[in-house]
Amino acid sequence: MAETEQSPPNATATATAAADKFPNVSFSIWPPTDRTREAVKNRLIETLSSPSILSKRYGTVSREEAVEAAKLIEQEAFEVAGNAVSADDDGIVILQVYSKEISKRMLDTVKARSGDSAAAPATDEPHKAEEEDAGSSAPPQSEKTESVADDE
């Protein structure tokens, strides 16, 4: 990941120049190296087991659960993306499939886990609804009822 951030502003021109100098060297982004796949799993573990926007909504997963989930998520995403390989693809589309699959499966995992765990106390539910309505420009339900009554 750090390599991408430090690439020169005109990376395409640099890559083309390098290809001209070294015609026998090829560059491929798919399949990812084992090191990259491990980094993806580590990031998944961190995301699932640390406080974040995701954990605020669905809860934090224990480190042990996160390790198992990360392995499964990454493996399944890798297999799906690997099946999406086409001969005329330079790897970018496959990498996008891999990334989207990881995101989708991570979200599915936390959603399923939050559904399996004990529900939040009933007293929190009306409070959540009030918070959601606070950002809404729609009038409260009581005002809607009154305006309908006034129209009759």
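**Entry 1: the rings.** I started with the aromatic side chains and found that ring pairs join Trp-30, Phe-78 and Tyr-98 into a cluster. Note to self: this is a predicted model. I looked up the count too, and the structure has 3 aromatic pairs. For Phe-78 and Tyr-98, the ring centres are 6.5 Å apart and the planes meet at 85°, so I wrote this pair down as edge-to-face. Phe-78 belongs to helix 5 and Tyr-98 to helix 6 (residues 92-116), so the pair ties together parts 20 residues apart in sequence.

Then I checked how covered these two are. Tyr-98 is buried, with a relative accessible area of 4%. Phe-78 comes out at 21%, so I have to call Phe-78 partly exposed, since buried means under 20%. I also spotted Arg-37, whose charged end sits over the ring of Phe-78, 3.6 Å from the ring's centre.

**Entry 2: helix 3.** Arg-37 is one of the buried residues of helix 3, and the others are Val-40, Lys-41, Leu-44, Ile-45, Leu-48 and Ser-49. Where do they sit around the axis? They cover an arc of only 145°, which puts them on the same side of helix 3.

Lys-41 caught my eye because it is buried at 18% relative accessible area and still has a salt bridge with Glu-38, with the closest N and O atoms 3.0 Å apart. Both lie in helix 3, 3 residues apart, which is about one turn of the helix. Glu-38 is partly exposed at 40%.

**Entry 3: helix 5.** I checked the length here: helix 5 (residues 63-83) has 21 residues and reaches 30 Å from first C-alpha to last, close to the 30 Å expected. Its buried residues are Ala-66, Ala-69, Ala-70, Ile-73, Glu-74, Ala-77 and Ala-81. They span an arc of only 130° around the axis, so they share the same side of helix 5. The face turned away from that buried side carries the exposed residues Glu-64, Glu-68, Leu-72 and Asn-83.

**Entry 4: salt bridges.** I got a count of 6 salt bridges. One of them pairs Glu-65 with Arg-113, closest N and O atoms 3.4 Å apart. Glu-65 is in helix 5 and Arg-113 in helix 6, so this pair ties together parts 48 residues apart in sequence.

Another joins Glu-76 and Arg-105, at 2.8 Å between the closest N and O atoms. Glu-76 is in helix 5 and Arg-105 in helix 6, so parts 29 residues apart are tied together. Glu-76 is partly exposed at 29%, whereas Arg-105 counts as buried at 19%. Shared partners join Glu-76, Glu-101 and Arg-105 into one network of salt bridges.

Conventions
Residues are numbered from 1 along each chain as its sequence is written. This is a predicted model: local features need pLDDT of at least 70, side-chain atom pairs count only at pLDDT 80 or more; totals for chains, interfaces and linings use all residues. Side-chain values use heavy atoms; hydrogens and water are left out. Buried means under 20% relative accessible area, exposed over 50%, partly exposed in between (1.4 Å probe, protein chains only). Helices (H or I, at least four residues) and strands (E, at least two) are DSSP runs, numbered from the N terminus. The arc is that of the directions from the helix axis to the C-beta atoms. The expected span of a helix is 1.5 Å times one less than its number of residues. Rings of Phe, Tyr and Trp (its six-membered ring) pair if their centres lie within 6.5 Å; planes under 30 degrees apart count as stacked, over 60 as edge-to-face and the rest as tilted. A charge sits over a ring if NZ of Lys or CZ of Arg is within 6 Å of the ring centre and within 35 degrees of the ring normal. A salt bridge is a side-chain nitrogen of Lys or Arg within 4 Å of a carboxyl oxygen of Asp or Glu.
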